[in-house]
Each structure stands twice: as structure tokens, then as C-alpha cells.
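Please read this briefing alongside the sequence and the predicted model. It takes up cysteines, charged pairs, pockets and strand pairing in turn.

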Amino acid sequence: MSGRIPIEDVTPSVACGRYPAKAVVGELVPVTARSYREGHAAMGCQVAWRGPDGAPRPVVRMRPGPNFDDRWHAAIRPDAVGEWSFTVQAFEDPYLTWRDAVVKKIDAGQGATELANDLAEGAELLDRAAEGVPEAESDRVREAAAALRDGDRPVPERVSPALDLAGLLWAHPVRTLLTSAPAMPIWVDRQRALFSAWYEFFPRSEGAVLAADGQPARSGTFRTAAERLPGVAAMGFDVLYLPPIHPIGRVNRKGRNNTLVAEPDDVGSPWAIGAAEGGHDAIHPDLGTVDDFRSFVAAAREVGLEVAMDLALQAAPDHPWVTEHPEWFTTRADGTIAYAENPPKKYQDIYPINFDNDPAGIRAEVFRVVLHWVGLGIRIFRVDNPHTKPFDFWHWLIWEVKRHDPDVLFLAEAFTRPAVMHGLGKIGFTQSYTYFAWRTGTAELREYCEELVGAADHMRPNFWPNTPDILPEHLQHCGPPMFKIRAILASLLSPSWGIYAGYELFEHVARPGAEEYLDNEKFELRPREWAAAEAEGRSLAPFLARLNTIRRDNPALHQLRNLVFHDIDNPALLCWSKRDERTGNTVLVVCSVDPGQVHWGNTVLDMPALGLDWPERFAVHDELTGERYDWGQHNAVRLDPFVSPAHVFTVHPYREGDGVADRAGDAEGDAGAGGPGWTS
């Protein structure tokens, strides 16, 4: 607490302002603070903020919260990438104090004599106010001051012009005792930092040819992988993530299904980076050349895809770093270099880096590598296991790279303790993988998503139903409806989501006793018959395309902070909404998490969260099926996972003058088909 008026608990604030809060261009960022003062005099709060250029933006007046808890609220909308700052300011508002007192005294029957001082002081106050309002309004304020001084008028006529200035002097207040809280930083990214749809594939599998025994006959290349780009774009994804594309070590190479001994033709894990052909700045020769890579990135851009690369800071035993910089690794008692372990698991094909042996040298080399790929058109990096490297290293690297190019984004692949994941977000990671893959029940999904919304100032989630390393049991055993359910949940709860290739083909066979794919693509080539599967109706691609179209067309789904859950009386159903305050666009979803049974439920909707009054009725349009219904606060819902496991509604308030036919929708949504709001 400091200054004349206390200001406390300012948000957004990450680690008391040590790190910048997160936002994206055009995002509505809520700003709150607790502020109060002694006595009964009125006060106000405002947000003073500056852009990356240092220029001040128009001050935003804060409003008191609905619970009279001395909490003040406003919102700002940054419009450029870079570091912004804001400060909350508190002040005495003498006009509000004067207005409140005069209204009460007049209501109590006081006349001109008793109000003489109040009228004179009000006139002096308006003289000051006239200097701070827009020039077009200054005469109005001066006329109100003159009316207060005009003793020939009745009191109501003298006071009324001054009372009518409430709106103007809220926006342009007279401020005294101005007190400022410490400035807080906000880093504003491009919009893809918050809203993105990711697709992961191994380029070496696209266009690959296998021999009869399953061993590789020919690797895919960047040129053959480029043939898959239109198919990925047609599903509506906008980020294409590539696992490591570098030379793969031959020493201790893993075989198919992670076997310790590789066959001569086994391709190895892309995460075992480095061989005689080069290290982290090189391209695997089977994939092509640097020019081929440039062409691939350009081809992706032409169809609306941005390529993201993997940044895995580890080395195969034959990586050039091992011979050129053995001090970057840990030497065991017997003189050998320590390989990676997560007991009892062993990764003999990977040497972890020891960041404490030569931190300056390692920092310089990694920074060089990252800028090398930035120079080749990469602006997104998916970082492998960042929680196993020093946090101060990541803090340094991320902000050094952003100083070079502020558009570069970093996704943290960290499945670890919550505090560690949140810590990575605080120090600068743009997005994070999450526990979504293991949150299956409606109660735990709701609790987890509400936790993520509460952390939106420092951690942006990216929901993945599967990855090359993660094939959850519910995808192994629950059939195609579960693939739809998990895609709906991932894509419509989180503004960023992603899938690993094969999801659209319902790939679900696991290595016995594990949540991992059998014949894991990390260790072998896996070409797929994409076109045949879609032509034969064995592909989820059209459904994924529809989900991504719904996401793209509804700005409410581009955000995280606006996620609101609604009550429904069936624990197998989850109901939530998102609303964009700028456009009024509102999306309401009811989704089943049970892939095997038909479920009924009854909603109790939070109507103000939908932009509606409690008794209002409204139309909903199902963006998956095209059906339209008449809804209110209470609605009965039936969901059949074999038909459609969810309603994805856009909300359409009725306009004044809509007739009965306009309001009713089709017969299935009418009261005659099962009561008001009965949907299916």
C-alpha cells in the first residue's frame, strides 16, 4: 500500500509484475484492482496504459464491481504486438461527491438558503470541469455552472443541468488526490498465440514406401509430404507441426516399437538428433535439401498452414556436439557420457545436455540454431520437455528471440507437475500442452478448465486428444463416437487444440499394457491411405473440417477468458458457452462424454452469460446438424453418440416483431413435441 488512496491486488499481474501478463492483438484484457478510501467521499479508478511505442492510450474509467467489495473493473484491447504497460490510478471524484450530497439534500426538502454553499461549490467545481471535457462540451458545462449561480431560478432548475452532466463527467472526471499503482507489463502476441488449430505429421511417412516385411523401402521427402498439405488445410488446421527433421543418430539407434537393437534399415527416432551429416541446424538427407525445406514451408503457407518445428535440446551419441563440446554433457564415473533416463526407462540413443557446465556456450549455440530456423521462415517452435532444462535458460532464450523477432511463438510440451507447467508459462512460453488427454469426466473437465481460465494471464492451453506418445484408454476401446467427443471437447473448450496424424482414421491399437501406439511412428515409417479412407467413409476428416469451420466463423471461440459452464442434471453431459462481447456472437455447447449410451439432461442456463435476460427465449441453431430450436433457461436435451454426441449451438436472440413461426423453429423444437425447448 502506498500513496494517498490504497490500491491493492492489481490484475493482470504475473509474479507481482516480475514477468509480463499475456494477451494477443485484439483481445479484451480485463483489468481489476481493489481500492478504497476513508470516509464517505466518492472516488474513482482508471487504467492508464501505453503501447510498445511508449505512446499513451486513452485512459479507461473503471467501474465498481456488483458486490460492493471495493473491487474495480475495466478492460483494455491492445492493438499491436510487443510489450505494453498499464497502471491503475485511484482518485477522489469531487463531482460524484457533490452530486450525491445535493440529490440527498433536495430529496430531504432543503431549499436555496440551506443549499447556498453546495450551489456555490458546485459552480466552482464545474468551472474546473469545463477545462477537462472535450471542447464541444465545454459550453454545456459552463452553462450548468452559470445555472447554479443564478439565484433567480428555482432550485430544481438551477441544479438540473449540473445533475445531467453525470455521464460526461464520468468519462472526463475532475480528479484530485490522484494515486498510481506500480506499472504492470503485458506482452501482446499475434493472434495465433491464443487461437490455433494444430496438426502433427512425420514428413518421412508421407509418400514413404514399405517393403513386404514392413521395413522401409523409401522414405518420404519434403516434396512428397507437400502433397499432403492440401488435405491438412481442408480439415481447417492452420499450424502444421513437424517432429524433428534433423539427421538421426546411428549409435544406439532404437528399432521398431522402441526395441533396443535396430535392424539395418530401421529409421530410428527423430528425437535422437545428430549424426555425421550434422546436428540441430541440419536437415536429414532423406527428407531433402534446405531448398526443399524452403519450398515446403512456402507450399504450406499457400494453403493457409504455418509450419511449426520441434526444438529438442538433446543429442544422439554421434551428434557433432558430443565430439566438439563434450563439456556440454555429463560424464559418469566410468568416463562414459550419461544417456537419458526416466527410471526405469532408459534412452540410450539420447544424451541430455548439462546446462551448468558451459552455460554461456550452450546459450550462444541454441540461440544461433533458433535464429537459423527463423531465417528459414519458422515462427513457431514446439519445445520438447522444457521442464527438464533450467528455467532461467528458457527465460533468457525466449525473450532474446522475441527481441529479434517478436512474432516467434513457443509451445511447451511439458506433462509434469502443475506448478512447473504454470511456471513455464510465467517465464514466457506462449502455449502449453495440458492434462486434457486424461480428463474424461464432466466434473473434472469443468474443474480443470475453470483452473485454466483462472490462469489465463500467464498460461494458454493447447488441448490434444492424442500425440505420438499418448493414446489414452478411452480412444483405444470406445470406438468412433469417442473420437468425435474428444475432438469436440478439445476444439470448443480451448481456443487452441491439435491432433496427431491418424486420429482422423480412428487409429487406436496400443502397445500391450501402455497408452502408446503399437508400431509407433516415432520408430518407423507409417504411410497412410488418406484419400481411400475418406472416399470409403472411414475418415473423421469431414467432421474435423466442420469443427474447425465453426471455430473460425465464431469469434467467441477464439478466446479463453470467456468460457462459462452451465448446470445440467446429467453427469454424462457437459454444458458450456462462450460469448464475444464485441460482436455479440455466442456459442452454446452441450456434449456427452459417454460414447455408448443415449443420454437426456435438463439445462439451467446462466442467461446473462449468454447476453440475455433471465426470462428471455431465443433461437439456437445447431452448427453440426443444421437444426433450429426455441430455447429458454430450462431445456431438455437428448444426445445419441451414434448420431451426434453434441449440440453446438449459435445463439440468436429474437428481434422485436418476430412472429410465432420465426420463434418456433421446426416441429421437433416446439412445445408440442415434448415441452418448451425440447430439442431432440
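The points below are grouped by topic, after a short lead.

This is a predicted model, and every value quoted here is computed from it. The structure holds zero disulfides, while the count of salt bridges comes to 46. The largest pocket has a volume of about 1200 Å³, and the second largest has a volume of about 960 Å³. R561 recurs in what follows, since this residue takes part in a salt bridge with E27, in another with D457, and is among the residues that lie nearest the centre of the second largest pocket.

**Cysteines**

- Why does C45 form no disulfide? The closest cysteine sulfur to that of C45 belongs to C16 and is 19 Å away, which is too far for a bond, given that a disulfide requires two cysteine sulfur atoms within 2.5 Å.
- C45 counts as buried because its relative accessibility is 0%.
- For C591 the closest cysteine sulfur is that of C575, at 11 Å, and this too is too far for a bond.
- C591 likewise has 0% relative accessibility and therefore counts as buried.

**Salt bridges around R561**

- Side chains of opposite charge can pair when their charged atoms come close.
- R561 and E27 meet through their side chains in a salt bridge, with 2.8 Å from N to O. This pair links distant parts of the chain, 534 residues apart, with R561 in the loop between α17 (541–553) and β24 (564–568) and E27 in the loop between β2 (21–24) and β3 (29–35).
- R561 also forms a salt bridge with D457, whose closest N and O atoms are 2.6 Å apart. Here the two residues are 104 residues apart in the chain, D457 being in the loop between α13 (442–454) and α14 (473–477) and R561 in the loop between α17 and β24.
- Are the three residues of these two pairs buried or exposed? R561 is partly exposed, with a relative accessible area of 21%, whereas E27 counts as buried at 10% relative accessibility and D457 counts as buried at 18%.

**Other salt bridges**

- E623 and R546 form a salt bridge in which the closest N and O atoms are 3.2 Å apart. The pair again links distant parts of the chain, since E623 is in the loop between β28 (618–622) and β29 (628–631) while R546 is in helix α17, 77 residues apart.
- Within this pair, E623 counts as buried at 17% relative accessibility, and R546 counts as partly exposed at 31%.
- A network of salt bridges links R4, R37, E38 and E92.

**Pockets**

- The largest pocket, with a volume of about 1200 Å³, is lined by 38 residues, of which N342, Y347, N385, D469 and K522 are the closest to its centre.
- Two or more residues of that lining come from each of the elements β17 (340–342), β18 (345–347), β19 (351–352) and β20 (380–384).
- Sorted by class, the lining of the largest pocket has 14 nonpolar, ten polar and 14 charged residues.
- The second largest pocket is lined by 28 residues, and those nearest its centre are L28, Q559, R561, N562 and R579.
- Strand β25 (residues 573–579) gives the most to the lining of the second largest pocket, contributing three residues.
- The lining of the second largest pocket divides into 13 nonpolar, six polar and nine charged residues.

**Strand pairing**

- Strands of a sheet pair through backbone hydrogen bonds, either parallel or antiparallel.
- Four strands form an open sheet in the order β1-β3-β7-β6, with antiparallel pairing. Its edge strands are β1 (7–11) and β6 (63–64), each of which pairs on one side only.
- β6 is joined to the antiparallel strand β7 (residues 71–76) by two bridges, and R63 has H73 in β7 as its bridge partner.
- Strand β27 (residues 599–604) has a covered face made up of H599, G601 and T603, and an uncovered face made up of W600, N602 and V604.
- β27 pairs with β24 in the antiparallel sense over two bridges, and T603 in β27 is the bridge partner of I568.
- β27 is also joined to strand β30 (residues 634–639) by six bridges, again antiparallel, with N602 standing opposite A636 in β30.

Key:
Residues are numbered from 1 along each chain as its sequence is written. This is a predicted model: local features need pLDDT of at least 70, side-chain atom pairs count only at pLDDT 80 or more; totals for chains, interfaces and linings use all residues. Side-chain values use heavy atoms; hydrogens and water are left out. Buried means under 20% relative accessible area, exposed over 50%, partly exposed in between (1.4 Å probe, protein chains only). A salt bridge is a side-chain nitrogen of Lys or Arg within 4 Å of a carboxyl oxygen of Asp or Glu. On a 1 Å grid over the protein atoms alone, a cavity is a set of points where a 1.4 Å probe fits but cannot get out, and a pocket is an open set with protein on both sides within 12 Å along at least five of seven lines; lining residues have an atom within 4 Å of a point. Grid points are joined across faces, edges and corners, and a volume is the space filled by probe spheres set on the points. Ala, Val, Leu, Ile, Met, Phe, Trp, Tyr, Cys and Pro count as nonpolar, Asp, Glu, Lys and Arg as charged, and the others, Gly among them, as polar. Two strands pair if DSSP finds at least two bridges between them.
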